[in-house]
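Work through the exercises below with the sequence and the model side by side. Each task is followed by its solution.

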Amino acid sequence: MRHRPRGENIIRFDSVGLRYGLGPEVLQDISFALPSGSFHFLTGPSGAGKSSLLRLMYLGLRPTRGRVVLFDRDIASTKRYELPALRRRIGVVFQDFRLLDHLTALDNVALPLRVRGVKESEIRKHVPELLSWVGLADQLGARPSTLSGGQKQRVAIARAVIGRPDLLLADEPTGNVDDHIAMRLMYLFEELNKLGTTIVVATHNELLVQRFAHLPRLHLEHGTITRVRDQGPPPEPAP
Ligand SMILES: Nc1ncnc2c1ncn2[C@@H]1O[C@H](COP(=O)(O)OP(=O)(O)OP(=O)(O)O)[C@@H](O)[C@H]1O
């Protein structure tokens, strides 16, 4: 984690296009920049290209045209061996969770910290704390195969945020949980954002977008950004 001064761009797309194999372009002429420390929703109907855009942002794919600049690095001229170091600065919540089945919930969440060489004493303190916060205090030793979809989703979120990444990309992170937990997870993202993490949350959930109407939004339709809505008024204080 090396948070940057707020306001500098953490990621920039210039006229980016993407096609899978020989298929049609699923993203066309995508241009935007996200300032460091910003928090955006990524919205749009099913099939509009939200997951594909996130894949480009976490370097899971290279664009077929245009330019992606991430952490001041032009991805086209970045060597393959340099990519893992950039990826380690990004937390990703995948739509299909991608938890490791042979590890417990606690060990899944601890993984990014262990890769970084964080002391076990720190891990034993912080990981249970975070898992309790997302409502999984009683599931620390559970394997993913024994958890519900919503519980797996929360483990995946905890794993993505535990290392306070520079950039957090979350694909439908509240798709499997009830309203109350969805709000709690959004508050967790807001706390992380206050600590400097730049966040993009892709969602279909219009209710969630309305409740957090103060957040700016990138809106995709048929592979093109049709609307960039700026920051709305600040939220009403909680009663
Ligand atoms: N691996 C792939 N190979 C070929 N085409 C793909 C692949 N992944 C996505 N697509 C196509 O790209 C387009 C955009 O899909 P994408 O999953 O990015 O949309 P989305 O907005 O995330 O949809 P949803 O909200 O349903 O997850 C769709 O037409 C889809 O069929």
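**Exercise 1. Classify F71 as buried, partly exposed or exposed, and describe its backbone.**

Step 1. Count neighbours: F71 has 18 other C-beta atoms within 10 Å. Step 2. Apply the cut-offs: a residue is buried if 20 or more other C-beta atoms lie within 10 Å of its own, exposed if 12 or fewer, and partly exposed in between, with C-beta atoms placed from the backbone. F71 is therefore partly exposed. Step 3. Locate F71: the residue sits in the loop between strand 4 (65-70) and strand 5 (73-74). Helices (H or I, at least four residues) and strands (E, at least two) are DSSP runs, numbered from the N terminus. Step 4. Check the backbone: F71 is not a glycine, yet its phi is positive, about 50°.

Two conventions apply throughout. Residues are numbered from 1 along each chain as its sequence is written. The model is predicted, so local features need pLDDT of at least 70 and side-chain atom pairs count only at pLDDT 80 or more, while totals for chains, interfaces and linings use all residues.

**Exercise 2. Treat R164 and S38 in the manner of the first exercise: where are they, and how exposed?**

Step 1. R164 lies in the loop between helix 5 and strand 7. Its phi is near 45°, a positive value in a residue other than glycine. With 14 other C-beta atoms within 10 Å, R164 is partly exposed. Step 2. S38 belongs to the loop between strand 2 (25-35) and strand 3 (39-43). S38 has 19 C-beta neighbours inside 10 Å and so counts as partly exposed. Step 3. Look for a partner distant in sequence: S38 and N9 are 29 residues apart along the chain, and 9.4 Å separate their C-alpha atoms.

**Exercise 3. Describe how the two domains meet.**

Step 1. Set the bounds, which come from an automatic or database domain assignment: domain 1 is 9-89 + 165-229 and domain 2 is 100-163. Step 2. Give the spacing: the domain centres, taken over C-alpha atoms, are 23 Å apart. Step 3. Count the contact (C-beta atoms, placed from the backbone, within 7 Å): ten residues come from domain 1 and ten residues from domain 2. Step 4. Assign the domain 1 side: strand 7 (167-171) and helix 6 (179-194) each give two or more residues. The largest share, four residues, is from helix 6. Step 5. Sort this side by class: nine nonpolar, one polar and no charged residues. Here Ala, Val, Leu, Ile, Met, Phe, Trp, Tyr, Cys and Pro count as nonpolar, Asp, Glu, Lys and Arg as charged, and the others, Gly among them, as polar.

**Exercise 4. Which residues of helix 6 are buried, and why do they line one face?**

Step 1. The buried residues include A182, L185, M186 and F189. Step 2. Viewed down the axis of helix 6, its buried residues fall within an arc of 100° (the arc of the directions from the helix axis to the C-beta atoms), so they line one face. An α-helix has 3.6 residues a turn, so residues three or four places apart point the same way. Step 3. Turned away from the buried side are the exposed residues H180, Y187, E191 and K194. Step 4. Cover for the buried residues of helix 6 includes helix 5 (149-161), strand 8 (198-202) and helix 7 (206-211). Step 5. Just after helix 6, G196 has a positive phi of about 120°.

Definitions and conventions. Contact = placed C-beta atoms within 7 Å.
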